[in-house]
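Welcome! Take a moment to turn the structure around on your screen, and then let us walk through it together.

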Amino acid sequence: MNIQHSQRFAGKVAFVTGATSGIGRSTAVVFAQEGAIVFLVDISEQGTQEIGGQSLVFACDVRSNEQVKNAVELAVAKFGRIDLAFNNASIEQPVGPIGEVTEEDWAVKEQSSMFYAQKLAE
């Protein structure tokens, strides 16, 4: 089966966090297949190499405002802008009943997956 890609993101710059595995990696691959320049961000650079297309890998812990700021600045310096942001990075929590999740656990998870990476929109 030969899949034709529409190139609907041709010339766009995509900033993808949590890009080394799972949904983040799959999203980065599709962005690349659809013509985007992909800036892959993850706490580890392993697994981000061979996504196809034009891409750049940056190791970043999204819990750190300074590291996210550096990642955004590098992406803008290298590609001139960020058109698309896929904020996928998160911290794995122990599996268990929702009633056992503490407010502190929830705050750490939310901080890592949303707050700092969202700052790039400012």
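What follows goes from the sheet to the cores and then to the charged pairs.

Please keep in mind that this is a predicted model. A good place to begin is the sheet. It is open and has four strands, in the order β3-β2-β1-β4, and the pairing is parallel. Strands of a sheet in general pair through backbone hydrogen bonds, either parallel or antiparallel. Look at the two ends of that order: β3 (55-59) and β4 (84-87) are the edge strands, and each of them pairs on one side only. If you follow the sheet across, the twist averages 15° from one strand to the next.

Now zoom in on one pair of strands. Strand β1, residues 13-17, runs parallel to β4, and four bridges join the two. You can find one such link at Val16, whose bridge partner in β4 is Phe86.

Next, look for the helix that covers part of this sheet. Helix α2, made of residues 65-79, lies across β1, β2 (37-42) and β3, and it runs at about 160° to β3.

What are the residues with the most contacts inside the largest nonpolar core? They are Phe15, Phe39, Val41, Cys60 and Ala71, in a core of 14 residues. Strands β1 and β2 and helix α2 each supply at least two residues of this core. Helix α2 gives the most, with five residues. There is also a second, separate core, which has 11 residues and includes Ala19, Ala28, Val38 and Ile51. Such groups fit a broad pattern: in soluble globular proteins, nonpolar side chains tend to be buried together.

Let us turn to the beginning of the chain and its surroundings. Gln7 lies in the segment before β1. Its phi is near 60°, a positive value in a residue other than glycine. That is worth a second look, because most residues other than glycine have a negative phi. Gln7 counts as partly exposed, because its relative accessibility is 40%.

Gln7 also leads us to Glu34, which sits in the loop between α1 (22-33) and β2. Setting aside neighbours within four places in sequence, Glu34 is in contact with His5, Ser6, Gln7, Arg8, Phe9 and Ala10. Is Glu34 buried or exposed? With a relative accessibility of 7%, Glu34 counts as buried, since the cut-off for buried is under 20%.

One of those contacts brings us to the charged pairs. Side chains of opposite charge can pair when their charged atoms come close. How many salt bridges does a search of the whole structure find? The search finds three. Arg8 forms a salt bridge with Glu34, and their closest N and O atoms are 3.9 Å apart. This pair links distant parts of the chain, the segment before β1 and the loop between α1 and β2, with the two positions 26 residues apart in numbering. While Glu34 is buried, Arg8 is exposed, with a relative accessible area of 57%.

Another salt bridge is found on helix α2, where Lys69 and Glu73 are four residues apart and so are separated by about one helical turn. The closest N and O atoms of Lys69 and Glu73 are 4.0 Å apart. Lys69 is partly exposed at 45%, and Glu73 is partly exposed at 43%.

The remaining stop is Asp83, which forms a salt bridge with Arg81, their closest N and O atoms being 3.0 Å apart. Asp83 counts as partly exposed, with a relative accessibility of 33%, and Arg81 is partly exposed as well, at 35%.

Definitions and conventions: Residues numbered from 1 in each chain as written. Predicted model: local features only at pLDDT ≥ 70, side-chain atom pairs only at ≥ 80, totals over all residues. Heavy atoms only, no water. Pairing = 2+ DSSP bridges. Axes fitted to C-alpha atoms, helices over the stretch in contact; angles between N-to-C directions. Contact = heavy atoms within 4.5 Å. Core = buried A, V, L, I, M, F, W, Y, C linked by side-chain atoms within 4.5 Å. Buried < 20%, exposed > 50% of the residue type's maximum accessible area, 1.4 Å probe, protein only. Salt bridge = Lys/Arg side-chain N within 4 Å of Asp/Glu carboxyl O.
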